[in-house]
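Let's take a walk through this structure together, one piece at a time. Keep the 3D view open and turn it as you read.

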There are 2 protein chains.
Amino acid sequence: MSGVISNAPSAEQPVRVLVVEDDEGIAWPLRRGLSRSGYEVQTVASGREALEAGPADVVLLDLGLPDVDGLEVCRRLRAYSDAAVIVVTARGEEGDRVAALDDGADDYLVKPFGLAELEARIRAVLRRVHPGRTHYVVGRLTVDPRTRRVTVRGEEVALTPKEFDILECLVADPGRAISRHELLTRVWDENWYGPTRVLDVHIAALRRKLAVDGLIETVYGHGFRLVPGAEAGD
Amino acid sequence: MSGVISNAPSAEQPVRVLVVEDDEGIAWPLRRGLSRSGYEVQTVASGREALEAGPADVVLLDLGLPDVDGLEVCRRLRAYSDAAVIVVTARGEEGDRVAALDDGADDYLVKPFGLAELEARIRAVLRRVHPGRTHYVVGRLTVDPRTRRVTVRGEEVALTPKEFDILECLVADPGRAISRHELLTRVWDENWYGPTRVLDVHIAALRRKLAVDGLIETVYGHGFRLVPGAEAGD
DNA sequence: AGGGCAATGTTCAGATCCGGTAAGGACTCG
DNA sequence: CGAGTCCTTACCGGATCTGAACATTGCCCT
């Protein structure tokens with residue numbers, strides 16, 4: 001559960017999937033399967049609704065819609081959204097595939113298909129759409145060096161620069177005992193010497209702000225360690 | 001639709017395709033067809049050669065290779081290259097597809113397939129790998145580096161050169177906390193040194209002109225960040 | 001088990017750093 | 001010459017850091 005997570009749906013940043021499908025017999029199992037895998041699923045049954053729906057990361061688009069032409073939906077989505085579009089349809093002629101892919105679809109899947117493959121294709125396109133969505137996840141703590149944001153139990157916690165840098169050192173290698181010296185040289189100056197009480201002050205601030213019991217452990221005589229399996233008691 | 005973005009190969013920047021295929025009967029027509037469409041094609045017949053080949057934009061990878069396992073090739077390519085990988089194989093079981101896609105493949109095409117579809121899929125993955133994006137859209141803010149125009153809520157906002165450059169840095173990677181140093185070196189001189197109040201002056205001007213509450217956030221002690229989900233209160 | 005000692009936790013106030021803002025002057029370009 | 005742009009300086013309020021003093025904890029030795 002620890003380490004870098006890339007593009008897997010998580011509680012903090014769920015991947016939003018918009019299913020555009022008018023056949024209940026297909027939409028329902030899709031919704032059910034994707035939800036179980038942690039995706040946040042919204043289902044609509046027409047092209048008009050699809051274009052009015054909220055923002056999504058992935059759009060599963062059936063081409064045989066009652067109102068608007070499927071390819072038209074695809075083009076319009078592209079005009080204002082970066083969402084990945086996976087066309088999911090029964091029509092599998094090569095001409096149809098080429099037309100859809102050239103109208104902005106990222107992938108084209110012919111029914112019937114397996115849920116496992118669909119999810120694998122979703123992961124594949126998300127790798128390209130959100131290339132840098134890599135942050136650290138340790139239990140209910142997330143640390144994103146890109147945005148320099150930290151959340152605990154889904155809520156953002158405001159950290160000062162030093163606090164963030166220290167936490168980043170710890171979370172980059174969960175469980176490893178990191179020495180005081182390493183922390184001081186990495187967060188402060190390359191060559192640090194002298195009193196080190198300042199580190200304890202910041203560690204205390206971190207513990208108070210994160211408020212996760214036992215998350216940051218003291219390794220007596222050495223340094224500190226981030227505990228992957230710490231509870232988040234609130 | 002904001003201009004159909006064309007990733008068609010051009011004479012100036014030909015798209016380099018690496019075909020990894022040991023069956024001459026397939027490799028040869030592929031090479032011929034892709035070359036005719038303007039791609040720069042290199043063909044190799046083994047996994048080892050594939051890993052030693054020059055840089056490519058797209059790799060067409062047959063999984064049934066004589067030496068190394070195809071998926072191993074895929075993983076290793078991913079380790080050092082951003083090239084799009086399209087697996088092209090005769091084995092079409094769902095398990096194979098999922099495995100390949102999760103090992104870094106961008107697409108999976110089962111033989112036999114048409115050249116038109118292959119090229120459409122190449123264009124589709126290239127759209128994501130080399131986003132030929134002409135302008136940035138973040139919420140109700142648009143930034144067009146080509147024309148150097150900026151609009152907020154549909155209305156154009158006049159920015160000075162420096163203001164535009166700063167905004168371009170921010171909008172190019174929405175949400176990322178960009179350090180003062182990076183902004184100063186990218187907008188001003190490559191090696192900037194000294195007081196930095198000038199940056200704050202321009203940031204203030206940007207905030208005033210864009211007039212979107214919370215769009216440009218200060219990351220205390222670090223730099224600034226453009227918030228993708230900022231409201232546009234008008 | 002208990003005492004000694006060093007390491008760590010806590011608290012807090014002063015020092016320092018940082019960012020927002022305003023004003024003035026230099027510079028460019030038409 | 002005038003408008004617009006850019007840079008510098010200065011000041012202020014607030015956030016943050018830091019060192020010190022004191023309290024507590026954990027280790028080790030007798």
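What follows goes from the overall form of one chain to the chain contact, then to the DNA, and finally to a few details.

Keep in mind that what you're looking at is a predicted model. Start with chain A, whose secondary structure comes to eight helices and 13 strands. Its radius of gyration is 23 Å, while the globule rule gives 17 Å for 234 residues, so chain A is more spread out than a compact globule. You can see that in the dimensions too: the C-alpha trace of chain A spans about 70 × 35 × 25 Å along its principal axes. Of the 234 residues in chain A, 35% are buried. If you look at the contacts in chain A with a separation of 6 or more, 57% of them are between residues 24 or more positions apart.

Now bring in the second chain. The contact between the two draws on 25 residues from chain A and 27 residues from chain B. On the chain A side, the elements that give two or more residues are helix 3 (70–80), helix 4 (94–102) and helix 5 (115–129). Helix 5 of chain A has the largest share, with eight residues. As for chemistry, this side of chain A has 13 charged residues, nine nonpolar ones and three polar ones.

While you're at helix 3 of chain A, have a look at A:C74, which sits in that helix. Is A:C74 buried or exposed? A residue counts as buried once 20 or more other C-beta atoms lie within 10 Å of its own. A:C74 has 26 C-beta neighbours inside 10 Å, so it is buried. Setting aside residues up to four places away in sequence, A:C74 touches A:L61, A:V85, A:A100, A:D103, A:G104 and A:A105. Another residue to find from here is A:G47: 27 residues separate it from A:C74 in sequence, and the two are 9.3 Å apart in space, C-alpha to C-alpha.

On to the DNA. Which residues come nearest to DNA strand C? There are 19 residues around that strand, and the nearest are A:A204, A:T218, B:D200, B:A204 and B:T218. Two elements give two or more residues to this surface: helix 8 (197–210) of chain A and helix 8 (197–210) of chain B. The surface near DNA strand C has eight nonpolar, six charged and five polar residues.

DNA strand D has 21 residues around it, and the closest are A:T160, A:K162, B:T160, B:P161 and B:K162. Here helix 6 (161–171) and helix 8 of chain A, together with helix 6 and helix 8 of chain B, each give two or more residues. By class, the surface near DNA strand D has twelve nonpolar, six charged and three polar residues.

Helix 6 of chain B also leads us to a sheet. That helix, residues 161–171, lies across strand 6, strand 7 and strand 8 (149–152) of chain B, and it runs at about 110 degrees to strand 7. The sheet itself is open and antiparallel, with four strands in the order 6-7-8-9. Its edges are strand 6 (136–138) and strand 9 (155–157) of chain B, each pairing on one side only. On average, neighbouring strands here are turned by 25 degrees against each other, direction ignored. Three bridges join strand 6 to strand 7 (residues 141–144) of chain B, and B:V138 stands opposite B:L141 in strand 7.

B:V138 also turns up among the contacts of B:L226, along with B:L170, B:V171, B:P174, B:G175, B:L215 and B:I216, leaving aside neighbours within four places in sequence. You'll find B:L226 in strand 12 (residues 223–226) of chain B. B:L226 is buried, because 25 other C-beta atoms lie within 10 Å.

For a last stop, go back to chain A and find strand 7 (residues 134–138), where four of the five residues are buried. Strand 7 of chain A pairs with strand 8 (residues 141–144) of chain A in the antiparallel sense, over three bridges. In that pairing, A:V138 has A:L141 as its bridge partner. The two strands form a hairpin with two residues between them, and A:G139 in the turn has a positive phi of about 60 degrees.

Note on methods. Residues numbered from 1 in each chain as written. Chains lettered and ligands numbered in written order. Predicted model: local features only at pLDDT ≥ 70, side-chain atom pairs only at ≥ 80, totals over all residues. Near = placed C-beta within 6 Å. Nonpolar A, V, L, I, M, F, W, Y, C, P; charged D, E, K, R; others polar. Pairing = 2+ DSSP bridges. Axes fitted to C-alpha atoms, helices over the stretch in contact; angles between N-to-C directions. Contact = placed C-beta atoms within 7 Å. Rg over C-alpha atoms; globule rule 2.2 N^0.38 Å. Buried ≥ 20, exposed ≤ 12 C-beta atoms within 10 Å, placed from the backbone.
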